[in-house]
Amino acid sequence: MPILGIIESNGARTITVDFLVIAGGGGGGRSAGGAGAGGYRTSAGTSGANSSAESSATISPGTNYTVTVGGGGTGATSVSVRGDAGSNSVFSSITSTGGGGGGSDGQAPGTGGSGGGGANGTSGAAGTALQGLAGGNASANAGGGGGGAGAVGSNGVNGVTGGAGGNGLASSITGSSVTRGGGGGGAMNAASAGAGGSGGGGSGTVGGVGGNGDANTGGGGGGNTGNFAPGNGGSGIVILRYVDSKTITIGAGLTGSESAPSGGYKRATITAGTGNVSWS
């Protein structure tokens, strides 16, 4: 009989590995859409855009598999450009798309894992299917919130508030429930700005620096108004769960650690870098 999480295939044993792969969040816009969260893909629970879990990965011991943890995008440097998109995160054949940059006064928001919020009357940008959701629309003076992994960004309301970032999704792949993948809040020229979405989204601001997305959540950066800087996107993360009789080797170029066995599994949490992993 096969051991838990180990499959016999033509006499060779392979390992079943569950994954959570979140890309870097986008950078906020300047006057002032919030940025989209990084793409969210998992085989252990609800995946991005509230989609079904993906199939687990089948891994051969002793074989190298690529891992990349995407960085967050930089907030827009002027009103004529949107915030930068976040960078993709990768595990083997699984790629999560970086979050879309928030729209600025003179530039529409960017598409991404989740889409950036609009600015100066533009519509929010689309997310990527099965990874994240769209950003909110802007009114004349109120930026839309960036899309999150679990909810669209809210629309800006002229004279009232910037749109809130879309909420992220909770995952229990580590054994504890943690929410990640929140969109950044939009800003406006008066009244209040939008809050960041749950799961690491940065808040928008009125007359101040936009909030950064939280590290290792893929949260989008918050938008800003005036000459202040918008928020940067939060970095992504890769988490891998596998049977506790196996041990992972996290190669050079990656920052990460393997947990102690719990509930029949170990977990590897990789927080930065590019390199290879293998199992024995």
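Me: I'd like to start with strand pairing. Which residue in β13 stands opposite Val238?

Reply: When two strands pair, the bridges tell you which residue faces which, and two bridges between strands are enough to count them as a pair. In this predicted model, Val238 faces Ile270 of β13. That match belongs to the antiparallel pairing of β10 with β13, which holds six bridges. Another match to look at is Tyr242, whose opposite residue in β13 is Lys266.

Me: How many residues of β10 are buried?

Reply: To read burial, check the relative accessible area: a residue under 20% counts as buried. For β10, which covers residues 237–243, seven of the seven residues are buried, and the strand is described as mostly covered.

Me: Let me stay with β13. In which sense does β12 pair with β13, and over how many bridges?

Reply: Read the sense first and then walk along the bridge partners. Strand β12, residues 254–258, pairs with β13 in the antiparallel sense, and five bridges connect them. Pick out two of the matches on screen: Leu254 is opposite Gly273, while Ser257 is opposite Thr269.

Me: What should I look at in the hairpin of β12 and β13?

Reply: Look at the residues between the strands and at their backbone angles. This hairpin has six residues between β12 and β13, and Gly263 takes a positive phi near 65 degrees there.

Me: Which residue of β13 is opposite Val67?

Reply: Follow strand β5, residues 65–69, which runs antiparallel to β13 and is joined to it by five bridges. Within that pairing, Val67 lies opposite Gly275.

Me: And what is the bridge partner of Ile248 in β13?

Reply: That one is Trp279. Ile248 begins strand β11, residues 248–250, which pairs with β13 in the antiparallel sense over three bridges. As for β13 itself, the strand spans residues 265–279.

Me: Now a loop residue. Where is Ala193 found?

Reply: For a loop, name the elements on either side. Ala193 sits in the loop between β9, residues 178–180, and β10.

Me: Why does Ala193 count as partly exposed?

Reply: Compare its value with the two limits: buried is under 20%, exposed is over 50%, and partly exposed is what falls in between. Ala193 has a relative accessible area of 22%, so the residue is partly exposed.

Me: Which residues does Ala193 touch, leaving out those up to four places away in sequence?

Reply: Contacts show what a loop packs against. Ala193 touches Thr161, Gly162, Gly186, Ala187, Gly204, Thr205 and Val206. You can also check a C-alpha distance: Ala193 and Val160 are 33 residues apart along the chain, and their C-alpha atoms are separated by 8.6 Å.

Me: Let's zoom out. How many helices and strands does the protein chain have?

Reply: Counting elements gives you the overall make-up: zero helices and 13 strands. For compactness, compare the radius of gyration with the globule rule. The radius is 19 Å, close to the 19 Å that the rule gives for 280 residues, so the protein chain is as compact as a globular protein of that length. Along its principal axes, the C-alpha trace spans about 65 × 30 × 25 Å.

Me: What do burial, contacts and surface look like for the whole chain?

Reply: Take them one by one. Of the 280 residues, 52% count as buried. Among contacts with a separation of 6 or more, 51% come from residues 24 or more positions apart. The accessible surface comes to about 9,700 Å², and carbon and sulfur atoms hold 48% of that area.

Me: How far apart are the mean positions of the positive and negative charges?

Reply: Average the places of each sign, then compare. With 9 positive and 8 negative charges, the mean positions are 3 Å apart.

Terms used: Residues numbered from 1 in each chain as written. Predicted model: local features only at pLDDT ≥ 70, side-chain atom pairs only at ≥ 80, totals over all residues. Heavy atoms only, no water. Helix = DSSP H or I, 4+ residues; strand = E, 2+ residues; numbered from the N terminus. Rg over C-alpha atoms; globule rule 2.2 N^0.38 Å. Buried < 20%, exposed > 50% of the residue type's maximum accessible area, 1.4 Å probe, protein only. Contact = heavy atoms within 4.5 Å. Areas by Shrake-Rupley, 256 points an atom, 1.4 Å probe, with all protein chains shown as cover. Lys, Arg positive; Asp, Glu negative; His and termini not counted. Charge placed at Lys NZ, Arg CZ, Asp CG, Glu CD.
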